Amino acid sequence: MGSPPMIDGAFARWLAARAGQALLALRAELGFADAGALKSAGDKVSHDLIRTELAQWRPGDAVLSEEDEGSRLAWAAEVNTGAVSRLTADRVWIVDPLDGTREFAEEGRSDWAVHVALWSRTAPTPHGLVAGAVALPAQQRVLATDYPPAYPPLTVEAAAAGGRRTIRLAASRSRPPVFLTDLAEDVGAHLVPMGSAGAKIAAVATGEVDAYIHAGGQYEWDSAAPVAVATATGLHASRIDGSALKYNEADPRLPDLLVCRADLAPRLLAALQRHSG
């Protein structure tokens, strides 16, 4: 196989797609009889591939991966001999090799993803993300910052109603925030259950839903790549109190976020103030 693209956004797309292809092959090989074994194998296959390619093509960069030992600790240990701590590195790849292991291990489900994002100390944006890709292998597509999706248009019905239509709000299948039902009723939203965070934010970027709200626990790798793509698309992305999302922090926990159409952000942030306390 030839060399990958060297521009970071295209490289992220290439790497996420490569990991996605490996995961599809693994699904076909192992089948779905043993969900636990498939989940474990998926995490390992994708993590090993991403780590190997980053070591070869981006050897000077640091990495934060969900599958790294100690990744959830609130400090950055050396990854291996001679590696630079991610907290002092100028560039850090933040990856989730398999976002949505539960969905990955369920036959017929396509709402799982691979996340590859790049944080840079010199980025002009508060979140620090300069490149990212979300592969949705079972949907045969990759969304990335090198060619981000066009800003999703309003539906014909919504445009005719001046934009005041039922909001389609992506919600976790298994762990929706406890306040989400009340918030949805308040703003006239319809909840759309989906699997992984990457699949939900991708659905906002493509216009399949209008917003995604999460509260109650995530880590940087759960949202870095999807947020990079969403903001490149022109969508709003923030904490649920409206403050900026920040990555490559000492503590990788990033427990809540809002990603939505920019025109909906004031309305949803006001509702979050009423319901998320």
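**Exercise 1. Describe the lining of the largest pocket in this predicted model by residue class, and work out where the pocket lies relative to the domains.**

Step 1. The lining of the largest pocket is made up of six nonpolar, ten polar and ten charged residues, and the space that it encloses comes to about 460 Å³.

Step 2. Among the 26 lining residues, those closest to the centre of the pocket are D99, G100, R175, S196 and D222.

Step 3. Turning to secondary structure, at least two lining residues come from each of the strands β2 (91-99) and β8 (211-215), and likewise from each of the helices α3 (101-104), α6 (197-206) and α7 (220-233).

Step 4. The domain assignment divides the protein chain into domain 1 (8-144) and domain 2 (156-276). Because both domain 1 and domain 2 contribute residues to the lining, the largest pocket lies between them.

**Exercise 2. Characterise the interface of domain 1 and domain 2, and state how many salt bridges cross it.**

Step 1. Taken over C-alpha atoms, the centres of domain 1 and domain 2 are 22 Å apart.

Step 2. Counting residues in contact, 38 from domain 1 meet 32 from domain 2, and the area buried between the two domains is about 2,600 Å², with carbon and sulfur atoms giving 61% of that area.

Step 3. Side chains of opposite charge can pair when their charged atoms come close. Across the interface of domain 1 and domain 2, one salt bridge is found.

**Exercise 3. Take the salt bridges of the whole structure, and explain what the pair D8 and R91 ties together.**

Step 1. The structure as a whole holds 16 salt bridges, and one of them joins D8 to R91, with a separation of 2.9 Å between the closest N and O atoms.

Step 2. Since D8 belongs to helix α1 (residues 8-30) whereas R91 belongs to strand β2, this pair ties together parts that are 83 residues apart in sequence.

Step 3. Another salt bridge is formed by the side chains of E208 and R141, for which the N to O distance is 3.0 Å.

**Exercise 4. Determine how many cavities of 30 Å³ or more the structure contains, and describe the lining of the largest cavity.**

Step 1. A search of the whole structure yields one cavity of 30 Å³ or more, and the volume of the largest cavity is about 40 Å³.

Step 2. The residues that line the largest cavity are V134, L143, I201, A202, A205, P226, V229 and A230, and the elements giving two or more residues to this lining are α6 and α7.

Step 3. Sorted by class, the cavity lining has eight nonpolar residues, with no polar and no charged ones, whereas the lining of the largest pocket includes ten polar and ten charged residues.

Key
Residues are numbered from 1 along each chain as its sequence is written. This is a predicted model: local features need pLDDT of at least 70, side-chain atom pairs count only at pLDDT 80 or more; totals for chains, interfaces and linings use all residues. Side-chain values use heavy atoms; hydrogens and water are left out. On a 1 Å grid over the protein atoms alone, a cavity is a set of points where a 1.4 Å probe fits but cannot get out, and a pocket is an open set with protein on both sides within 12 Å along at least five of seven lines; lining residues have an atom within 4 Å of a point. Grid points are joined across faces, edges and corners, and a volume is the space filled by probe spheres set on the points. Helices (H or I, at least four residues) and strands (E, at least two) are DSSP runs, numbered from the N terminus. Ala, Val, Leu, Ile, Met, Phe, Trp, Tyr, Cys and Pro count as nonpolar, Asp, Glu, Lys and Arg as charged, and the others, Gly among them, as polar. Domain bounds come from an automatic or database domain assignment. Contact means heavy atoms within 4.5 Å. Buried area is the accessible area (1.4 Å probe) that two parts lose on being put together, summed over both. A salt bridge is a side-chain nitrogen of Lys or Arg within 4 Å of a carboxyl oxygen of Asp or Glu.
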